[in-house]
Amino acid sequence: MAEPSLLMVLVYALRHDDVAPGRTPFLWEVARGGSRGATQEIFAGQLRPAFFAGLYPNESGVGHLFCYDPASSPFRLARLAPSWVDRSARLSFWARRAIEASARRVEARRGHRGSASACTLAEIPTTRLPSFAFSERHLPWEDRASPRPGLLSILSALRLPWLHLGYPVIDQRTSFLTEAALSRMRASHRFVFLHYAQLDWAGHTHGPHGPEASAALEAIDRSLEAIWRHAQALWAEPRLLVFGDHGMVPVRAHVNVEQALDELPLRVGKDYVVFLDSTVARFWFHAERARALIVDRLEGLPHGHWLTASDLEALHLDGGKRENGEAFWLLDEGVVIMPSYFQRKVPPLGMHGYHPSVEANWGGLVTNDPYGPSGPIPLTDVFRLAFRLLGLESARVFP
Ligand SMILES: [Zn+2]
């Protein structure tokens, strides 16, 4: 029998219930002959170490997009900005352009091609930028990307040709990806990875149940059908694995953590540092007094809770890098922090990054293999599933 070739497709924010006859006729058809399950997002904004290498954040060291790392922040130029810089829209605009350009140069010099390839300042207040750096420094196929080899490194070691079309090195719009996949896939490829992002963008801006998300999903389903037909023509033993890294939860409420913190008699940067992600506030404390005041203040806020020691263990955050957070205040399903360091003014209508038990946060998973998962699996299991579909379970390099 011919060796299997795998088309592995990440559809950013594909919800587990998006795979339905009316919404994704192609994926539904594949699932009928194969299997349909779900993925549970792990507690890290950056998920490539999970599905490419089977690693949790306390193993990979990669957490959310930004980590606390003043010593090697690529945004040091921001130290020169006056404290009032963000009160002037024009000054802020030009200062941030200069900071971004400088960060790109700094990261290029250091050989950091991970998140720095798509270098963004998000909406982090300018004067707070010098506290932070990118947590994912390397590309998934670079040996130094993870403490043990990931899928792409293993394929390279086995001299099996692969193609990667995804973040952060390529445009993730559907029309571009269709074109790129159809023109670049070869009969010799044993593995092709595609990464569609437009469903995620539509879900954040318009919510997961609006016409915009449906249209984005429909276009992805059509694109996938064309690429799969192409793969079937190219490969003797084609396998398909399509998955969402997480779902998309409709946003129902906001919490203003920034204001609650500003009311405390503490100085941010001196007494503590905070990063306001959309669904979690991450803290680093420089004084016990700051910890006590902040813990107490946030306990009084609605819609969220502090992660306990047993939560940290269950989420594979225990023993992880301090840079990714010392304490975490996580929001309930459908609630976002506003303003956050990703949205200062316009609240999103859809969000992910909730506790893995939140069902609307589960990603979809479809494979043409009838023995694929039929229920939820942790995102880290996608790595092993890909190996099995490639027929490489017995490869000696398997960790
Ligand atoms: Zn997203």
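Select Val274 and Phe283 to begin: Phe283, in strand 11, is the bridge partner of Val274. This is a predicted model, in which local features need pLDDT of at least 70 and side-chain atom pairs count only at pLDDT 80 or more, while totals for chains, interfaces and linings use all residues. Residues are numbered from 1 along each chain as its sequence is written. Helices (H or I, at least four residues) and strands (E, at least two) are DSSP runs, numbered from the N terminus.

Widen the selection to strand 10 (residues 272–276) and strand 11, which run antiparallel and are joined by five bridges; two strands pair if DSSP finds at least two bridges between them. Strand 10 and strand 11 form a hairpin, with three residues between them. Now add strand 13 (residues 327–331), which is antiparallel to strand 11 and joined to it by four bridges, and pick out Leu330 in strand 13, the bridge partner of Val280. Strand 11 (residues 280–285) has five of its six residues buried, so it is largely enclosed by the rest of the structure. A residue is buried if 20 or more other C-beta atoms lie within 10 Å of its own, exposed if 12 or fewer, and partly exposed in between, with C-beta atoms placed from the backbone.

Next, select helix 6 (residues 174–184) and helix 8 (residues 211–234), whose axes come within 10 Å and cross at roughly 0 degrees. Axes are lines fitted to C-alpha atoms, for helices over the stretch in contact, and angles run from 0 to 180 degrees between N-to-C directions. Helix 6 and helix 8 are therefore roughly parallel to each other, given that angles under 35 degrees count as roughly parallel, over 145 as roughly antiparallel, 65 to 115 as roughly perpendicular and the rest as oblique. Among the residues that meet here are Leu177 and Ala181 of helix 6 and Ile220 and Ile227 of helix 8, where contact requires C-beta atoms, placed from the backbone, to lie within 7 Å.

Keep helix 8 displayed and add helix 7 (residues 198–206): their axes come within 8 Å and cross at roughly 175 degrees. Helix 7 and helix 8 are therefore roughly antiparallel to each other. The contact includes Leu199 and Ala202 of helix 7, together with Ala216 and Ile220 of helix 8.

Move to Gly207, in the loop between helix 7 and helix 8, which counts as partly exposed with 18 C-beta neighbours inside 10 Å. If residues up to four places away in sequence are not counted, Gly207 touches Pro250, Leu349 and Gly350. The C-alpha atoms of Gly207 and Gly350 are separated by 4.4 Å, although these residues lie 143 residues apart along the chain.

Three backbone details deserve a stop. Met338 and Pro339 are joined by a cis peptide bond, with omega about -10 degrees, and Pro339 is in the loop between strand 14 (335–337) and strand 15 (350–351). Ala13, a residue other than glycine, has a positive phi near 65 degrees; Ala13 is buried, with 31 other C-beta atoms within 10 Å. Ala122 also is not a glycine and has a positive phi of about 50 degrees, but Ala122 counts as partly exposed, with 15 C-beta neighbours inside 10 Å.

Finally, display the whole protein, which has 12 helices and 17 strands, and in which buried residues make up 47% of the 399 residues.

Technical notes:
Two residues are in contact if their C-beta atoms, placed from the backbone, lie within 7 Å.
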